[in-house]
Amino acid sequence: MRRAGEPGGLLDGELMASLFPDRRVVRAELDGRLVDAVFHLDVEEHARRVRCGLGAMCYPRLLRRLADLSNGVLPLDPGPLAETSLLPDGVVEWSGLHGPVRLLQPPLVLEAVVVPAVGRAQTRHVRVADRFAPYAPRWVISGDQRVDASVLVAASVGGVGLVVRWPEPEVIASAAPAAGRALPGQAWLLAEQAYGAWLVVSARAGGHAGVGAAATV
């Protein structure tokens with residue numbers, strides 16, 4: 001089992017099989033923070049994007065507008081019409097009755113955000129993980145078996161999972177489900193950022209990111 005990401009994280013095959021079976025992981029910069037993104041790929045949307053020549057769409061304004069659509073149909077006002085006329089094929093299509101209709105969907109579902117602490121876990125690692133509370137379960141993986149009481153308290157209060165990696169993996173605290181107020185379009189943006197990182201890793205591993213590309217777990 002191979003880890004689909006750049007070196008440096010602590011999520012190896014053993015931990016993936018234990019914590020996130022049948023999921024993929026990639027090292028990605030999400031919301032300005034370098035983390036391990038655990039995800040479930042939407043294979044159909046990925047295949048559609050490959051056919052259309054579309055990659056990751058990391059445009060917050062566009063994603064906010066698309067995420068707010070009702071039934072995928074854009075309202076007929078000058079702003080959206082002007083914006084969508086410049087979009088590449090595969091993002092929207094034009095309907096004579098409704099105007100532009102959304103085709104683009106989130107390319108993956110973010111299953112967890114993991115913050116690696118190569119040495120001993122600190123409260124700052126928990127704070128980084130907690131930034132993603134509205135969007136996915138959060139974990140901190142520590143490379144040191146020692147856990148300070150302050151870290152354990154902070155993780156418990158924030159619902160952040162805590163795992164020590166050495167000498168053997170051990171779950172100290174389990175992660176709570178996503179909770180809190182999400183910003184419009186932010187979940188979609190995080191998915192696109194993780195997808196973009198996965199496409200880069202896939203290209204390095206196999207030349208392209210086709211369905212079933214090598215960079216998976």
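## Strand β5 and its partners

In this predicted model, strand β2, which covers residues 33–41, pairs with β5 in the antiparallel sense, and 6 bridges join the two. Within this pairing, Leu41 stands opposite Leu108 in β5. Strand β5 itself spans residues 108–117 and is mostly covered, with 8 of its 10 residues buried.

Strand β5 also pairs with strand β6 (residues 138–142), here in the parallel sense and over 5 bridges. Val113 is the residue that stands opposite Arg138 of β6. The connection between these strands involves helix α5, residues 123–130, and together β5, α5 and β6 make a right-handed β-α-β unit.

## A salt bridge involving β6

Arg138, already mentioned as the residue opposite Val113, also forms a salt bridge with Asp130, in which the closest N and O atoms are 3.6 Å apart. The two partners differ in their exposure: Arg138 counts as buried because its relative accessibility is 2%, whereas Asp130, at 33%, counts as partly exposed.

## Salt bridges in and around helix α2

Side chains of opposite charge can pair when their charged atoms come close. One such pair in this model is formed by Glu45 and Arg49, whose side chains meet in a salt bridge with an N to O distance of 2.9 Å. Both residues belong to helix α2 (residues 43–52), and because they are 4 residues apart there, about one helical turn separates them.

Glu45 has a relative accessibility of 5% and therefore counts as buried, and Arg49, with a value of 0%, is likewise classed as buried. The pair is also part of a wider arrangement, since Glu45, Arg48, Arg49 and Glu192 are linked in a network of salt bridges.

## A link between distant parts of the chain

The count of salt bridges comes to 11. Among them is the one between Arg165 and Glu14, whose closest N and O atoms are 4.0 Å apart. Arg165 lies in the loop between β7 (161–164) and β8 (170–173), while Glu14 lies in helix α1 (residues 13–19), so this pair ties together parts that are 151 residues apart in sequence.

The environments of these two residues can also be set side by side. Arg165 counts as buried, with a relative accessibility of 5%, whereas Glu14 is exposed, its relative accessible area being 51%; the latter value falls in the exposed class because that class takes residues over 50%.

Key
Residues are numbered from 1 along each chain as its sequence is written. This is a predicted model: local features need pLDDT of at least 70, side-chain atom pairs count only at pLDDT 80 or more; totals for chains, interfaces and linings use all residues. Side-chain values use heavy atoms; hydrogens and water are left out. Buried means under 20% relative accessible area, exposed over 50%, partly exposed in between (1.4 Å probe, protein chains only). Two strands pair if DSSP finds at least two bridges between them. A crossover is right-handed if, with the strands pointing away from the viewer, the path from the first strand over the helix to the second runs clockwise.
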